[in-house]
Amino acid sequence: MAYSDTESSIPFFSEIITFKDGTYQSDSYSGNPFHHEKESGKVEIKRDTLIFDESIKIIVLSINADSLVIKDENMTYTMKRLNDSLKNKSSDTIGFDGKSFIVDLGETTRTVSYKNGKVLFGHENVNESRTSFKRIENNGFDIFIQENALPKIIKGITNDTIILYSLHKKIHKIKMWEK
């Protein structure tokens, strides 16, 4: 399991890729609430090249036990392996749609609401929102994908607080509770 971040200070990549036994599965989200993109196929590494479906070739800059650094014609991407400790083992059901939350980002807090597949910030209404979200399960990970943001892993609930981890350059813990 891997996620991608870039050297950019602004996260914008919403994709989770699973590599297993010479195959890949990519889960991404374009922002259309009804369009969750899934791709899969063959993958192999030959010398310093990652080859998808025998036709798409990407340069491999480095590879080790927990990361893969690749480069296309425009950018360098670091793919990081997700640690199994981030899998959601909670038996509590976590629902987002139709609810408002206070989100603790460490340095600041904000109010976020989720309604009909849309993300609402502050006092924004559903007709004004241009940001969508989707929740998927992949290989035991509970993943929250939001348009124009990196994926977040939902770890579980502790004392009515939802624990998530944001994935950009390093893993950041996020706490949210229902408003």
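Biologist: How much accessible surface does the protein come to, and what share of that belongs to carbon and sulfur atoms?
Modeller: Bear in mind that this is a predicted model. Its accessible surface comes to about 10,600 Å². The part belonging to carbon and sulfur atoms is 46%.

Biologist: And what share of the residues is buried?
Modeller: The cut-off for buried is under 20% relative accessible area. Out of 179 residues in the protein, the buried ones make up 44%.

Biologist: OK, how many helices and how many strands are there?
Modeller: Helices are quickly dealt with, as there are zero. For strands, the number is 16.

Biologist: What does pLDDT look like, and where does it stay under 50?
Modeller: The protein has a mean pLDDT of 79, and 82% of its residues reach 70 or more. There is a stretch where pLDDT stays under 50, and the model still has 11 contacts for it beyond four places in sequence. That stretch is residues 8–12.

Biologist: Let's do the hairpin. In what sense do E7 and E8 pair, and which residue is the bridge partner of Leu-68?
Modeller: Strand E7 covers residues 67–71, and E8 covers 76–81. They form a hairpin with four residues between them. Their five bridges run in the antiparallel sense, and the E8 bridge partner of Leu-68 is Met-79.

Biologist: Moving on to the rings, how many aromatic pairs are there, and what kind do Phe-96 and Phe-144 form?
Modeller: Searching the whole structure gives seven aromatic pairs. For Phe-96 and Phe-144, the centres are 5.1 Å apart and the planes sit at 45 degrees. Planes under 30 degrees apart would count as stacked and over 60 as edge-to-face, so 45 degrees falls among the rest. That makes the Phe-96 and Phe-144 pair tilted.

Biologist: Which parts of the chain does that pair link, and how many residues apart are they?
Modeller: Phe-96 is in the loop between E8 and E9, while Phe-144 is in strand E13, residues 141–146. Both Phe-96 and Phe-144 are buried. The separation along the chain is 48 residues.

Biologist: Why is the pair of Tyr-114 and Phe-144 called edge-to-face?
Modeller: The ring centres of Tyr-114 and Phe-144 are 5.4 Å apart. Tyr-114 belongs to strand E10 and Phe-144 to strand E13, so the pair ties together parts 30 residues apart in sequence. It is called edge-to-face because the planes of the two rings are at 80 degrees.

Biologist: Are Tyr-114 and Phe-144 buried or exposed, and which residues make up the cluster of ring pairs?
Modeller: Tyr-114 counts as buried because its relative accessibility is 5%. Phe-144 is buried too, with a relative accessible area of 2%. Ring pairs link these two into a cluster with Phe-101 and Phe-96.

Biologist: Next to Phe-144 is Ile-143. How far apart in space are Ile-143 and Ile-153?
Modeller: Ile-143 has its place in strand E13 and is buried, at a relative accessible area of 0%. Ile-153 is 10 residues from Ile-143 in sequence. From C-alpha to C-alpha, the distance is 4.7 Å.

Biologist: Last one: with which side chain does the side chain of Asn-88 make a polar contact?
Modeller: Asn-88 lies in the loop between strands E8 and E9, and counts as buried because its relative accessible area is 19%. Residues that Asn-88 touches include Ile-94, Gly-140 and Ile-154. The polar contact, at 3.2 Å, is with the side chain of Asp-142.

Key
Residues are numbered from 1 along each chain as its sequence is written. Side-chain values use heavy atoms; hydrogens and water are left out. Helices (H or I, at least four residues) and strands (E, at least two) are DSSP runs, numbered from the N terminus. Buried means under 20% relative accessible area, exposed over 50%, partly exposed in between (1.4 Å probe, protein chains only). A polar contact is a pair of N or O atoms within 3.5 Å; within protein, one must be able to donate a hydrogen and the other to accept it, and residues adjacent in sequence count only if both atoms are side-chain atoms. Contact means heavy atoms within 4.5 Å. pLDDT is the predictor's confidence in each residue, from 0 to 100. Rings of Phe, Tyr and Trp (its six-membered ring) pair if their centres lie within 6.5 Å; planes under 30 degrees apart count as stacked, over 60 as edge-to-face and the rest as tilted. Two strands pair if DSSP finds at least two bridges between them. Accessible areas come from the Shrake-Rupley method with a 1.4 Å probe; for residues, only the protein chains shown count as cover.
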